[in-house]
Amino acid sequence: HSVRGLQELWKEVLTAVPIPAAWLSATLVPVPLYKKRLRERGYNQSELLAKIIASQNNMAVDTVHLQRTRHTPHQVGLSRAQRLKNTADAFAWVGQLRAPEQVIIVDDVCTTGSTLESCAQALKQRGSKQVWAVVLARD
């Protein structure tokens with residue numbers, strides 16, 4: 001699929017998924033890719049998803065401040081414990097003094113939740129009080 005093709009498919013799927021009213025004031029934050037992986041792929045699928053959700057629900061999205069601070073190997077085939085170790089301290093909220101109080105982390109796939117947990121930890125360390133997650137698929 002092309003990036004445009006994925007976006008069109010995801011728009012159709014996400015139109016049918018309502019966002020809970022309590023979440024509408026939260027800031028959407030996509031799981032970031034490491035710079036090298038972003039260059040290789042050419043786009044961040046989680047960022048594309050976050051932007052679609054934001055446009056459909058008139059929500060804020062922050063694609064800048066949550067950053068992957070180091071390269072993490074692909075997690076395919078790793079156990080939950082290995083995945084947790086792989087993503088430990090791999091994310092940080094940078095730049096602004098505090099992270100938004102309410103955040104929705106956006107990712108394409110959730111297998112064990114280790115990436116989401118690591119992102120949530122980084123956000124909570126910088127001031128987020130409520131952190132939820134939205135994923136396109138659960139593996």
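These legends accompany close-up views of a predicted model.

**View 1. The largest nonpolar core and its best-connected members.**
Welcome to the inside of the model. This core has 15 residues, and those touching the most other members are Val31, Leu66, Phe91, Trp93, Ile105, Cys119 and Leu123. At least two residues of the core come from each of strand S4 (91–93), strand S5 (102–110) and helix H5 (114–125). H5 is the top contributor, giving five residues. As a general rule, nonpolar side chains in soluble globular proteins tend to be buried together.

**View 2. Trp93 and the residues it touches.**
Here we zoom in on one side chain and its surroundings. Leaving aside residues up to four places away in sequence, Trp93 touches Val29, Asp62, His65, Leu66, Arg98, Ala99, Pro100, Ala122, Leu123 and Arg126. Two of these partners, Leu66 and Leu123, are listed with Trp93 among the core residues that touch the most other members.

**View 3. A second, separate nonpolar core.**
The model has another core, separate from the one above, with 12 residues. Trp23, Ala26, Ala54 and Met59 are among them.

**View 4. The open sheet and the pairing of S1 with S5.**
Follow the strands across and you will read S2-S1-S5-S6, four strands in an open sheet with parallel pairing. Strand S2 (60–61) and strand S6 (130–138) sit at the edges, each pairing on one side only. Further in, strand S1 (residues 27–30) joins S5 through four bridges, in the parallel sense. To find your bearings, look for Leu28, which stands opposite Ile104 in S5.

**View 5. The second largest pocket and its lining.**
How many residues line this pocket? The lining has 16 residues, and Pro32, Leu33, Leu66, Gln67 and Arg68 lie nearest the centre. The pocket volume is about 270 Å³. Helix H2 (35–41) and strand S3 (66–68) are the elements that give two or more residues to the lining, and the largest share, three residues, belongs to S3. Sorted by class, the lining holds nine nonpolar, four polar and three charged residues. Leu66 is worth a second look, as this residue also appears in the largest nonpolar core.

**View 6. Thr72, a buried loop residue.**
Thr72 belongs to the loop between S3 and helix H4 (80–87). Why does Thr72 count as buried? Its relative accessibility is 3%, and buried means under 20%. Tyr34 is 38 residues from Thr72 in sequence, yet their C-alpha atoms are 7.9 Å apart in space.

Key. Residues are numbered from 1 along each chain as its sequence is written. This is a predicted model: local features need pLDDT of at least 70, side-chain atom pairs count only at pLDDT 80 or more; totals for chains, interfaces and linings use all residues. Side-chain values use heavy atoms; hydrogens and water are left out. A nonpolar core is a set of buried Ala, Val, Leu, Ile, Met, Phe, Trp, Tyr and Cys residues joined through side-chain atoms within 4.5 Å. Buried means under 20% relative accessible area, exposed over 50%, partly exposed in between (1.4 Å probe, protein chains only). Contact means heavy atoms within 4.5 Å. On a 1 Å grid over the protein atoms alone, a cavity is a set of points where a 1.4 Å probe fits but cannot get out, and a pocket is an open set with protein on both sides within 12 Å along at least five of seven lines; lining residues have an atom within 4 Å of a point. Grid points are joined across faces, edges and corners, and a volume is the space filled by probe spheres set on the points. Ala, Val, Leu, Ile, Met, Phe, Trp, Tyr, Cys and Pro count as nonpolar, Asp, Glu, Lys and Arg as charged, and the others, Gly among them, as polar. Two strands pair if DSSP finds at least two bridges between them.
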